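Here is my note on the model you sent. Please keep the structure open while you read the points.

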Amino acid sequence: MTEQEVEQYFQYHNANIKSLKIGYDEIRSQIKALYKKSNPSGDLIYNLPNTNIDRICTHETEVALSRILSGIQVSWAEESIKRLLYENQLLTDIQRNYLLERPALDQRWYKTLKIVFCIAYDLVPATDEICETVNINHERNNLGNELVDQYLELKGIITNHLVTNFSIRNKVQHGEWLFAFKPKYSKEYSEDITDKVLNENIITTTSRYTIVNALYQMIVDLGRFRSDSFALDSITTPFEYFYTNYLRKIKFEVDKIQNTDLEAFIQELVGREQRGIQYKRHINTTHNNS
C-alpha cells in the first residue's frame, strides 16, 4: 500500500471508532439514567424493593442495555487494533497483512504487540518480518530483564482482562444474554460462561474500555517513537517513560473489575439523585414562602 492508502484506511477505521464511541456513550448514559429513574408516584425506582414490578422491569432493561454496551466495547477493541495496523510508518505490508489474516481477535492483539515490540527494539529478523522465530523471553541478555518483563506483563493483561471479554462478546452477539451455551454449536448449557456473562455490567465494561485505550496508546508509543526524538527525555522512549503511569491506570481498572460492587455504584447515583430532588423541593418551598 502507498502512504496515502495507509492514511486513508486509518481514517476509515478512525471514523468507525468515532461512531462506536457515540453508541457506547449513548448506551452508557441510558443505563445511568435508569438508576436515577422515578415511577409515576415520584419514587426512585432503585430505592424500591427488588420485588417491586417497576424495579423488576427496569432491571431487565438495565441488563439488556448492559449486554449491548459489552458488545460495543469489544467492537471498539476490534476496530482499535485494526486502526493501529494503519498507524503512520508503523508496519510493513507483509506485517499488516499477516495481522489482518489472524482469525481471532485475541491473536490479533498478541501478534501486534509482539511485532511492534520487535520493531521497537530491532528484533525483526531480515528473513522473518512477522517475527515468528523470535522468542522475546530469550532476549534478556540483549534487552535486560525490565523490558522483557514489561512485554510479558502487557501480554498477561491481554490474556487476563481482554480475552475473556472477547469470548463474552460472541455470546452476546449470538443472543445468549441470560443463559449461555458452550461453543461451538451452543448445544450444551454452560453455567460457567453464563456466570461470566451475568457478571458483565457498566463498571466492568467501562474499565475494559479504559484498558483497551491504554494498551493501544502503549503499543503506538512502542512502535512509532525513538529515544532521540522524545522531547521529555532524550535517553528513553515514550513507552518506557510513561510505562509506570499507564500500568498504574490499568491496574486501577483491573482492581475495579475484580472488586466490582454494582450495588454500591447504583446506590451512590440514587443517593445523588435523591439529594438533588430534596434540594429542589427545599428551594421551591423557600421560594413559595418568601
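**Notes on the pockets and the fold**

1. Start with the second largest pocket. H7 gives the most to its lining, with five residues. This is a predicted model, so read every value below as computed from it.

2. Which elements give two or more residues to the lining of the second largest pocket? They are H7 and H8. The volume of this pocket is about 240 Å³.

3. Now find the lining residues of the second largest pocket on your screen. Begin with Thr164, Ser167, Ile168, Asn170 and Lys171, which are among them. The lining also includes His174, Glu176, Pro183, Lys184 and Ser186. Ile193 and Lys196 belong to the lining too.

4. What is the mix of classes in the lining of the second largest pocket? Three residues are nonpolar, five are polar and four are charged. Try sorting the names yourself.

5. Turn to the largest pocket. The space in it is about 360 Å³. It is lined by 18 residues. The closest to its centre are Lys196, Leu198, Asn199, Glu200 and Asn201. Lys196 deserves a second look: it is also in the lining of the second largest pocket.

6. Which helices each supply at least two residues of the lining of the largest pocket? They are H2 (53–84), H7 (163–173), H8 (191–198) and H9 (202–224). H2 has the largest share, five residues. H7 and H8 also appear in point 2, as elements that line the second largest pocket.

7. Sort the lining of the largest pocket by class. Six residues are nonpolar, seven are polar and five are charged.

8. Step back to the whole chain. The protein has 11 helices and zero strands. From the N terminus on, each element in the run is α. Trace the helices in order before you return to the pockets.

9. Next, the overall dimensions. Along the principal axes, the C-alpha atoms fill a box of roughly 80 × 55 × 40 Å. The accessible surface comes to about 15,900 Å². Carbon and sulfur atoms account for 50% of that surface.

10. How much of the protein is buried? Of its 290 residues, 43% are buried. Here, buried means under 20% relative accessible area.

11. Last, the contacts. Take those between residues at least 6 apart in sequence. Of these, 67% join residues at least 24 apart. Pick a few such pairs and follow the chain from one partner to the other.

Notes
Residues are numbered from 1 along each chain as its sequence is written. This is a predicted model: local features need pLDDT of at least 70, side-chain atom pairs count only at pLDDT 80 or more; totals for chains, interfaces and linings use all residues. Side-chain values use heavy atoms; hydrogens and water are left out. On a 1 Å grid over the protein atoms alone, a cavity is a set of points where a 1.4 Å probe fits but cannot get out, and a pocket is an open set with protein on both sides within 12 Å along at least five of seven lines; lining residues have an atom within 4 Å of a point. Grid points are joined across faces, edges and corners, and a volume is the space filled by probe spheres set on the points. Helices (H or I, at least four residues) and strands (E, at least two) are DSSP runs, numbered from the N terminus. Ala, Val, Leu, Ile, Met, Phe, Trp, Tyr, Cys and Pro count as nonpolar, Asp, Glu, Lys and Arg as charged, and the others, Gly among them, as polar. Buried means under 20% relative accessible area, exposed over 50%, partly exposed in between (1.4 Å probe, protein chains only). Contact means heavy atoms within 4.5 Å. Accessible areas come from the Shrake-Rupley method with a 1.4 Å probe; for residues, only the protein chains shown count as cover.
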